[in-house]
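Open the model in your viewer and keep the selection tool at hand. The tour below goes through pockets and then cores.

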Amino acid sequence: MSTIRFTDLALNLPATVPFVGPEAHMRAAGRPFRARLGANESGFGPSPKAISAMQSAAPEAWMYGDSECFELRMALAAHHQIAPENILVGEGIDSILGNLVRLMVAPGDAVVTSDGAYPTFNYHVAGFGGELHKVPYRDDHEDPAALLVRAEQVGAKLLYFCNPDNPMGSWHSARIVQRMIDAVPEGTLLVLDEAYIEAAPDGTAPALNADNAQVIRLRTFSKLYGLAGLRIGYAIGAAPLIAMFDSIRNHFGVGRIAQAGALAALHDQKWLAQVQAELGAARKMLSEIASDNGLHALPSATNFVTMDCGRDGEFARKLVQALMARDVFVRMPFVAPHDRCIRVSAGPPADMAVFAEVLPQALREI
């Protein structure tokens with residue numbers, strides 16, 4: 001039998017994935033969830049106009065999507081008042097992160113991130129042989145000053161910073177983020193993940209300067225636009241950096257239906273505003289549920305609420321398991337001291353009512 005010759009790098013990687021998907025959990029349990037509150041999807045759904053556009057595009061699914069995502073890029077450029085050459089559309093932020101790491105990181109290259117931040121970025125860095133340098137959070141926030149110091153110390157190729165933050169829901173003001181952008185060390189690219197920016201208060205995102213060659217900003221249609229199932233996001237960066245993706249990206253990775261849905265969703269800002277209002281009410285409801293059950297809801301600028309259980313990681317893990325046993329899907333941060341918390345997506349009133357019903361039962365059990 002022939003030997004399959006894997007690379008040494010692949011052979012030494014752990015056989016893990018960043019997240020176990022909700023469908024896998026349901027298959028293991030043999031039944032559906034009553035409330036799906038662990039993946040930070042938008043239970044409020046996509047714009048009806050986006051649904052209509054996707055239905056209209058469905059008969060054309062026999063054709064590949066436009067490899068340049070031309071119409072969507074033009075619309076995004078107009079929306080952000082920047083040039084289309086500054087925009088890359090890809091199969092969600094996760095795919096763009098993977099291609100960015102492939103472009104920038106060779107085996108042994110230093111990359112800086114926060115300890116406990118979005119693990120898919122770390123997954124990509126490990127997959128291309130990069131060396132991760134992690135900086136602790138400070139008061140449940142990523143620490144911009146400490147991240148910059150570490151990037152300078154190790155000569156980081158990439159510096160990953162998520163604002164608003166996953167998994168804590170915290171955020172920094174536009175003023176602080178702009179100071180961070182201005183202070184990025186020479187030779188380091190700041191990866192500013194703004195997946196949750198539509199859920200954040202005004203004054204969170206600094207003004208766009210798409211020609212700054214030391215920052216790339218990542219956004220998505222997966223969160224408040226309600227299109228997580230399409231896997232479509234985009235990057236904003238200097239034109240020479242965006243152009244480099246053409247040498248390695250999957251040119252036909254974004255399908256016709258996804259492009260049509262995202263384009264219609266972008267044009268329906270009235271629907272987005274409605275979702276933002278419903279999200280605000282859901283976050284308030286989750287805060288009240290947490291308080292009623294002796295937990296502390298951390299302030300959130302995202303579409304989820306992180307709840308401090310007031311104990312340790314073992315307690316929080318037991319609580320997650322007890323909720324899952326009652327068919328309520330939630331997640332929790334992985335790294336101490338954040339693993340004292342659970343993380344609950346903000347959703348429609350029916351989902352919030354299920355969580356309110358089940359949480360005290362789970363707490364009594366453990």
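Begin with the second largest pocket of this predicted model, whose lining divides into 10 nonpolar, 6 polar and 3 charged residues. To find its centre, select Ile197, Glu198, Ala205, Arg219 and Gln276, which lie nearest to that point among the 19 lining residues. The space in this pocket comes to about 300 Å³. Now colour helix H4 (70-80) and helix H11 (269-292): each supplies at least two residues of the lining.

Next, move to the largest pocket, with a volume of about 660 Å³. Select Ala39, Asp94, Tyr118, Lys223 and Arg231; of the 30 residues that line this pocket, these lie nearest its centre. Its lining holds 13 nonpolar, 8 polar and 9 charged residues by class. Show helix H2 (22-29), helix H5 (92-104) and helix H6 (119-127), each of which supplies at least two residues of the lining. Which helix gives the most to it? H5 does, with 3 residues.

Leave the pockets and select Phe221, Leu323, Ile342 and Phe355. They belong to the largest nonpolar core, of 66 residues, and touch the most other members. H11 provides the largest share of this core, 8 residues. Centre the view on Phe355: leaving aside residues up to four places away in sequence, Phe355 touches Leu37, Leu286, Ile289, Met307, Leu323, Val328, Val330, Ile342, Val344 and Pro360.

For the last stop, select Tyr118, Val125, Leu158 and Ile242. These are among the 30 residues of another core, which lies apart from the largest one. Tyr118 has already appeared on this tour, as one of the residues nearest the centre of the largest pocket.

Notes. Residues numbered from 1 in each chain as written. Predicted model: local features only at pLDDT ≥ 70, side-chain atom pairs only at ≥ 80, totals over all residues. Heavy atoms only, no water. 1 Å grid on protein atoms, 1.4 Å probe; cavity = no way out; pocket = protein on both sides within 12 Å on 5 of 7 lines; lining within 4 Å. Points joined across faces, edges and corners; volume = space filled by probe spheres on them. Helix = DSSP H or I, 4+ residues; strand = E, 2+ residues; numbered from the N terminus. Nonpolar A, V, L, I, M, F, W, Y, C, P; charged D, E, K, R; others polar. Core = buried A, V, L, I, M, F, W, Y, C linked by side-chain atoms within 4.5 Å. Buried < 20%, exposed > 50% of the residue type's maximum accessible area, 1.4 Å probe, protein only. Contact = heavy atoms within 4.5 Å.
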